[in-house]
Amino acid sequence: MHVYVLGSGVVGTTTAYYLAKKGFEVTVIDRQEGAALETSFGNAGEISPGYSTPWAAPGLPLKAIKWLFQKHAPLIMKLTPDLAQYRWMWQLLKNCNAESYAVNKERMLRVAEYSRDCLQALREDTGITYEERQLGTIQLFRKQQQLDDVEKDIKVLEETGVPFERLDKAGILKYEPGLKDKIDEFVGALRLPGDETGDCFLFTQRLAEIAKGVGVKFRFNHSVDRFEYVGGEIKGVWINGKLETADAYVVALGSYSTALLKPVGIHVPIYPLKGFSLTIPITDESKAPQSTVLDETYKVALTRFDTRIRMGGMAGINGFDLTLKDKYLATMHEIFNHVFPGSGDLKEAFFWTGLRPATPDGTPIIGKTRYPNLWINSGHGTLGWTMSCGSASYLADLMAGHEPAISTEGLDVSRYQ
């Protein structure tokens, strides 16, 4: 069976690899000149299954209102004429309750924990390297209320068997000695020892080369225009103005999946959340992070690569705007100096933005559609890197007619219908 995978970000590339390993003939189509040149290019670098948490949580509406008036706010909102923005925000608000939060977090953890296992197996099978580390993630709390609020997440971690560790100040410094100059600003932390880090761009580029070795074909600089839809069936896909056909199609176009699927009657509530990252050359090893540190107050992640620190954070609800503004760069600088001051050269930092394809409930959309030859693997939000291998392996099993390793409950698009 010949499968077209539409999109070559980390999700599309892993999908192509796992499908090829199942015996499918796979062709990847992407408008860029190489793999992982959009959202997967400059993400925060964290592989954090345990922190797979929905944005839609009890208390979020009040927090969002406060953030709008905060100088260095983690949320940026600009209203647009696009009705999809308002529908997405309304659906998000409807999930901001304890019952929905628990359901959504379980689904996300299910995919993310499985994905880490798949990544570890992939690393053993292929020997792929990507500046990876397996040193866990630490979530820092500056206020006692934050420490109290995390107990609801700990309950889910306990129920799902995810290992964790509560840390006091001494415990924080045991794992992240570079925080010694700022340790008095924190009241405690939560550590997830099973989390990992790595450069997503490097991983995706190298996996694309490995995928080629098992028969995957990549066609770059090709624009996916629309599906050919006749008599209730997907007959093909228009690429660069030409109709092409395959036996099956996988949509892995991130934030652009919505526009491609809507004309064939599949409505996916995937909306672009604009994110920012700063890649900073390390100048003082003793002051730099060892793994990933999450600052709960500023909603940023700081991740250690070999000779760089990747700082990712903030979320903009403002459509497909990719402009970089000095005020957002100033915010990133300010926050960096509140966590790891003096560890890197901010003057040489690389400032980047990308669009995270987010669903209102946080769970990605993976699986079948009403059309037997059309599949979706998209909507991973900030967790595409974390969930990529598991999502791809799960989908490959479904498409091959095999029993997947995890439950299918709530993962495909039917949960919105």
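## Gly384 and its surroundings

Let's start at one glycine: setting aside residues within four places in sequence, Gly384 is in contact with Val10 and Val11. Gly384 belongs to helix α11, and this is a predicted model. With a relative accessibility of 13%, Gly384 counts as buried, because the cut-off for that label is under 20%.

There is also a long-range pairing to look at here. Gly384 and Ile47 are 337 residues apart along the chain, yet their C-alpha atoms are separated by 9.1 Å.

## The largest nonpolar core

Helix α11 turns up again in the largest nonpolar core, where it gives the largest share, eight residues. That core has 47 residues, and the members touching the most others are Leu19, Val26, Phe203 and Met399. At least two residues each come from β1 (2-6), α1 (10-21), β2 (25-29), α4 (98-126), α8 (200-213), β13 (248-251) and α11 (384-400).

Phe203 is a handy place to zoom in. Not counting residues up to four places away in sequence, Phe203 touches Val10, Thr14, Leu119, Leu122, Ile128, Tyr130, Trp385 and Cys389. Another core lies apart from the largest one; it has 29 residues, including Ile138, Ile183, Leu302 and Phe340.

## Where α4 meets α11

Two packed helices are described by the angle between their axes and the distance between the axes. For α4 and α11, the axes come within 6 Å and cross at roughly 90 degrees. The two helices α4 and α11 are therefore roughly perpendicular to each other, as angles of 65 to 115 degrees fall in that class.

On the α4 side, the contact is made by Met108, Val111, Ala112, Tyr114, Ser115, Cys118, Leu119 and Leu122. Helix α11 brings Thr386, Met387, Ser388, Cys389, Gly390, Ser391, Ser393, Tyr394 and Asp397. Sorted by class, the contact of α4 with α11 has ten nonpolar, six polar and one charged residues. Two names here, Leu119 and Leu122 of α4, are also in the list of residues touched by Phe203, and so is Cys389.

## A three-stranded sheet

Now to the strands. An open sheet is formed by three of them, in the order β10-β11-β12, with antiparallel pairing. The edges are taken by β10 (224-230) and β12 (242-244), each with a single partner strand, so one side of each has no neighbour in the sheet. From one strand to the next, the twist averages 35 degrees.

Between β11 (residues 233-239) and β12 there are three bridges, in the antiparallel sense. One residue pair to look for is Ile239, whose bridge partner in β12 is Lys242.

## Strand β14 and its partners

Strand β14 (residues 271-281) is largely enclosed by the rest of the structure, because ten of its eleven residues are buried. It runs antiparallel to β18 (residues 350-358), to which nine bridges join it; in this pairing, Gly275 stands opposite Gly354.

Strand β14 is also joined to β17 (residues 308-317), by seven bridges and again in the antiparallel direction. Here Thr279 stands opposite Arg310.

## A buried lysine

One last stop is Lys182, found in the loop between α7 (169-175) and β7 (188-192). Is Lys182 buried or exposed? Its relative accessible area is 18%, so Lys182 is buried. Leaving out residues up to four places away in sequence, Lys182 touches Asn337, His338, Val339 and Pro341.

Note on methods: Residues are numbered from 1 along each chain as its sequence is written. This is a predicted model: local features need pLDDT of at least 70, side-chain atom pairs count only at pLDDT 80 or more; totals for chains, interfaces and linings use all residues. Side-chain values use heavy atoms; hydrogens and water are left out. A nonpolar core is a set of buried Ala, Val, Leu, Ile, Met, Phe, Trp, Tyr and Cys residues joined through side-chain atoms within 4.5 Å. Buried means under 20% relative accessible area, exposed over 50%, partly exposed in between (1.4 Å probe, protein chains only). Helices (H or I, at least four residues) and strands (E, at least two) are DSSP runs, numbered from the N terminus. Contact means heavy atoms within 4.5 Å. Axes are lines fitted to C-alpha atoms, for helices over the stretch in contact, and angles run from 0 to 180 degrees between N-to-C directions. Angles under 35 degrees count as roughly parallel, over 145 as roughly antiparallel, 65 to 115 as roughly perpendicular and the rest as oblique. Ala, Val, Leu, Ile, Met, Phe, Trp, Tyr, Cys and Pro count as nonpolar, Asp, Glu, Lys and Arg as charged, and the others, Gly among them, as polar. Two strands pair if DSSP finds at least two bridges between them.
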